[in-house]
Amino acid sequence: MSILNDRIQALLQDPEAAKVLATVDNQGIPHIVSDNTITVNDEGQIIYLELIETSRNSVNLVNSIWFKRKVAIHLSKGEESYQIKGYPAYSVICGPVFEHYYKLSLERNPEFDLSTVWIIEPDEITDDTYAARKNKEREKHPLITHLDRLAK
């Protein structure tokens, strides 16, 4: 059972939603890609389609599998904003799953040359709106505030 609720799954399937994948290299240096084709499958796993086999992102995802490193996906549309963290579970480079996403990628752009279908297993979701972040920090640090707020 996936931890992604219906609203987050709908946003992941929405091509108008902003989607950013963040990975780190073996030295901990972050790398991000903005990709509106990031989506979700029927099992609630996040799907990332890598078009370039030798890209920095592809190398980082391979390292994430080998060394059990998390990746993060920022998902937003309008006032909604979420951060989803998880582990790349596996990559698909052939077979019916690959063929399905290969056909979809060619429909989006006939020039696309799909390299890998990455399956990411989400394990943490954070409401990343300003209001949610502010409330969380106020709960954790109730005594920290600007002095001008106390003077009112």
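Q: In which loop does Lys-68 lie?
A: This is a predicted model. Helix α2 covers residues 56–66, and Lys-68 follows that helix. The loop that holds Lys-68 is the one between α2 and β5.

Q: Is Lys-68 buried or exposed?
A: A residue counts as exposed when its relative accessible area is over 50%. The relative accessible area of Lys-68 is 58%, so Lys-68 is exposed.

Q: What is the phi of Lys-68?
A: Most residues other than glycine have a negative phi. Lys-68 is a residue other than glycine, and its phi is positive. The value for Lys-68 is near 50°.

Q: Which strands do the buried residues of α2 pack against?
A: In α2, the buried residues are Asn-57, Ser-58, Asn-60, Leu-61, Asn-63 and Ser-64. Two of these, Asn-57 and Leu-61, appear among the contacts of Leu-21, a residue of strand β1. The strands that the buried residues of α2 pack against are β1, β2, β4, β5, β6 and β7.

Q: What is the order of the strands in the open sheet?
A: The protein has 5 helices and 7 strands. The open sheet consists of 7 strands with antiparallel pairing. Its edge strands, each pairing on one side only, are β2 and β3. The order is β2-β1-β5-β6-β7-β4-β3.

Q: How many residues lie between β1 and β2 in their hairpin?
A: Strands β1 and β2 run antiparallel and are joined by 5 bridges. One of the paired positions is Val-24, whose bridge partner in β2 is Pro-30. In the turn of this hairpin, Gly-28 has a positive phi of about 85°. The number of residues between β1 and β2 is 5.

Q: Which residue of β4 is the bridge partner of Val-40?
A: Strand β3 comprises residues 39–40 and runs antiparallel to β4, with 2 bridges between them. The two strands form a hairpin, and Gly-44 in its turn has a positive phi of about 80°. The bridge partner of Val-40 in β4 is Ile-46.

Q: Which residue of β7 is the bridge partner of Glu-50?
A: Strand β4 spans residues 46–50, and β7 spans 116–127. The two strands run antiparallel and are joined by 5 bridges. In β7, the partner of Glu-50 is Thr-116.

Q: How many residues of β4 are buried?
A: In a regular strand the side chains alternate between the two faces of the sheet. On one side of β4, Ile-46, Tyr-48 and Glu-50 are buried, and on the other Ile-47 and Leu-49 are buried. The strand is therefore largely enclosed by the rest of the structure, the buried count being 5 of 5.

Q: How many bridges join β5 to β6?
A: Strand β5 covers residues 71–77 and β6 covers 80–92. One paired position is Ala-72, whose bridge partner in β6 is Lys-85. The strands run antiparallel, and the number of bridges joining them is 7.

Q: What is the relative accessibility of Leu-21?
A: Leu-21 is found in strand β1. Its contacts beyond four places in sequence include His-31, Ile-32, Tyr-48, Val-71, Ile-73 and Ile-120. Leu-21 counts as buried because its relative accessibility is 0%.

Q: Which residues touch the most other members of the largest nonpolar core?
A: In soluble globular proteins, nonpolar side chains tend to be buried together. The largest nonpolar core here has 19 residues, and α1, β4, β5, β6 and β7 each supply at least two of them. A second, separate core has 8 residues, including Ile-47, Val-92, Val-117 and Ile-119. In the largest core, the residues touching the most other members are Leu-12, Leu-21, Ile-46, Tyr-48 and Ile-84.

Q: What percentage of contacts between residues at least 6 apart in sequence join residues at least 24 apart?
A: An example of a residue with contacts beyond four places in sequence is Leu-12, which touches Leu-4, Ile-38, Val-40, Ile-46, Leu-75 and Ile-84, among others. For the whole protein, the share of contacts between residues at least 6 apart that join residues at least 24 apart is 66%.

Q: How far apart are the centres of the positive and negative side chains?
A: The C-alpha trace spans about 65 × 35 × 30 Å along its principal axes. The protein has 17 positive and 23 negative side chains. The centres of these two sets are separated by 9 Å.

Methods. Residues are numbered from 1 along each chain as its sequence is written. This is a predicted model: local features need pLDDT of at least 70, side-chain atom pairs count only at pLDDT 80 or more; totals for chains, interfaces and linings use all residues. Side-chain values use heavy atoms; hydrogens and water are left out. Buried means under 20% relative accessible area, exposed over 50%, partly exposed in between (1.4 Å probe, protein chains only). Helices (H or I, at least four residues) and strands (E, at least two) are DSSP runs, numbered from the N terminus. Contact means heavy atoms within 4.5 Å. Two strands pair if DSSP finds at least two bridges between them. Lys and Arg count as positive and Asp and Glu as negative; His and the chain ends are not counted. The place of a charge is taken as NZ of Lys, CZ of Arg, CG of Asp or CD of Glu. A nonpolar core is a set of buried Ala, Val, Leu, Ile, Met, Phe, Trp, Tyr and Cys residues joined through side-chain atoms within 4.5 Å.
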